[in-house]
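Biologist: I am new to this structure, and I would like to understand the reasoning behind the terms used for it. Could we go through them one at a time?

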Amino acid sequence: MPIRVRKIIKQLDETRLENGRAVDPVHRVAFVGAVIENPYPGEYVQDLVTLADELGEEIGKLVGPACVELLGAEVEAFGKAALVGIEGEVEHGSALIHNLRFGNVFRSAAGGTELLPAAEKVGLPGSPIDIPLKHKLDAKTRSHHQTVTLQVADVPRPREIFVVCAAANTGRPLARLAAFGAETRNQ
């Protein structure tokens, strides 16, 4: 089954100041997403694995390497999301992004080894999607736990799925929490 792509979304956010302080290096987050036609709107299909296997790698190639390229720096944190139009079900988006054929393309392009954190939901056109990010090599690296939001005015239409990769060049701006397991307790 060939995918039908209505549009590709590319967005780069740069945070230069946080709470009045300079962010050095500048915190960059790249988003690349494909708005595709949902192959199963309004119908229940038992076997979504076949769909994911057929489309996963192709969608991954559309958005994963392009996200890394748009970032323009080494990826330190990454994540993925699917926003399904209201004539679909969340499982349609989950099938596409929780598929190694999709994830491995992005993970490889980013030089990562960890599983990609994910979010998926059903929404109206213009609904925001919050995408969790984690460190690409060590998911316990607290400074890189962050959630970024993407919103596109006409996405998704009722019979579409918006599949997105997100990548950041650093952890949170001005991150200063103790490393995981390094907390001290005042008694």
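Biologist: What makes α2 a mostly covered helix, and how many of its residues are buried?

Modeller: This is a predicted model, and in it 6 of the 8 residues of α2 are buried, so the description "mostly covered" rests on that count, with buried meaning under 20% relative accessible area. The buried residues are H92, G93, S94, A95, L96 and I97, and they pack against β2, α1, β3, α3, β4 and β7.

Biologist: How do you know whether C67 and C165 form a disulfide?

Modeller: The sulfur of C165 is 5.8 Å from the closest cysteine sulfur, which belongs to C67, whereas a disulfide requires the two sulfur atoms to be within 2.5 Å, and therefore the pair is too far apart for a bond. By this rule the count of disulfides comes to 0. C67 is nevertheless buried, with a relative accessible area of 0%, and C165 is also buried, at 0%.

Biologist: Why is the pair R6 and E160 called a salt bridge?

Modeller: The closest N and O atoms of R6 and E160 are 2.4 Å apart, which falls within the 4 Å limit, and so the pair qualifies as a salt bridge. R6 lies in strand β1 and E160 in strand β7, so the pair ties together parts that are 154 residues apart in sequence. R6 is partly exposed, with a relative accessible area of 28%, while E160 counts as buried at 8%. Both residues also belong to a network of salt bridges that links R6, K7, D154, R157 and E160.

Biologist: Why is R28 called buried?

Modeller: R28, which is found in strand β2, has a relative accessibility of 17%, and because the limit for buried is under 20%, R28 counts as buried. E14 forms a salt bridge with R28, the closest N and O atoms being 2.3 Å apart. A polar atom of the R28 side chain also lies 2.7 Å from the backbone oxygen of L71.

Biologist: Why is I86 called partly exposed?

Modeller: I86 has a relative accessible area of 47%, and since buried means under 20% and exposed means over 50%, this value lies in between, so I86 is partly exposed. I86 is found in the loop between β3 and α2, and together with V90, V122 and L124 I86 makes a nonpolar surface patch of about 320 Å².

Technical notes: Residues are numbered from 1 along each chain as its sequence is written. This is a predicted model: local features need pLDDT of at least 70, side-chain atom pairs count only at pLDDT 80 or more; totals for chains, interfaces and linings use all residues. Side-chain values use heavy atoms; hydrogens and water are left out. Patches are made of residues with over 30% relative accessible area and no salt bridge: like charges are joined within 9 Å, nonpolar side chains (Val, Leu, Ile, Met, Phe, Trp, Tyr) within 5 Å. Accessible areas come from the Shrake-Rupley method with a 1.4 Å probe; for residues, only the protein chains shown count as cover. A salt bridge is a side-chain nitrogen of Lys or Arg within 4 Å of a carboxyl oxygen of Asp or Glu. Helices (H or I, at least four residues) and strands (E, at least two) are DSSP runs, numbered from the N terminus. Buried means under 20% relative accessible area, exposed over 50%, partly exposed in between (1.4 Å probe, protein chains only). Contact means heavy atoms within 4.5 Å. A polar contact is a pair of N or O atoms within 3.5 Å; within protein, one must be able to donate a hydrogen and the other to accept it, and residues adjacent in sequence count only if both atoms are side-chain atoms.
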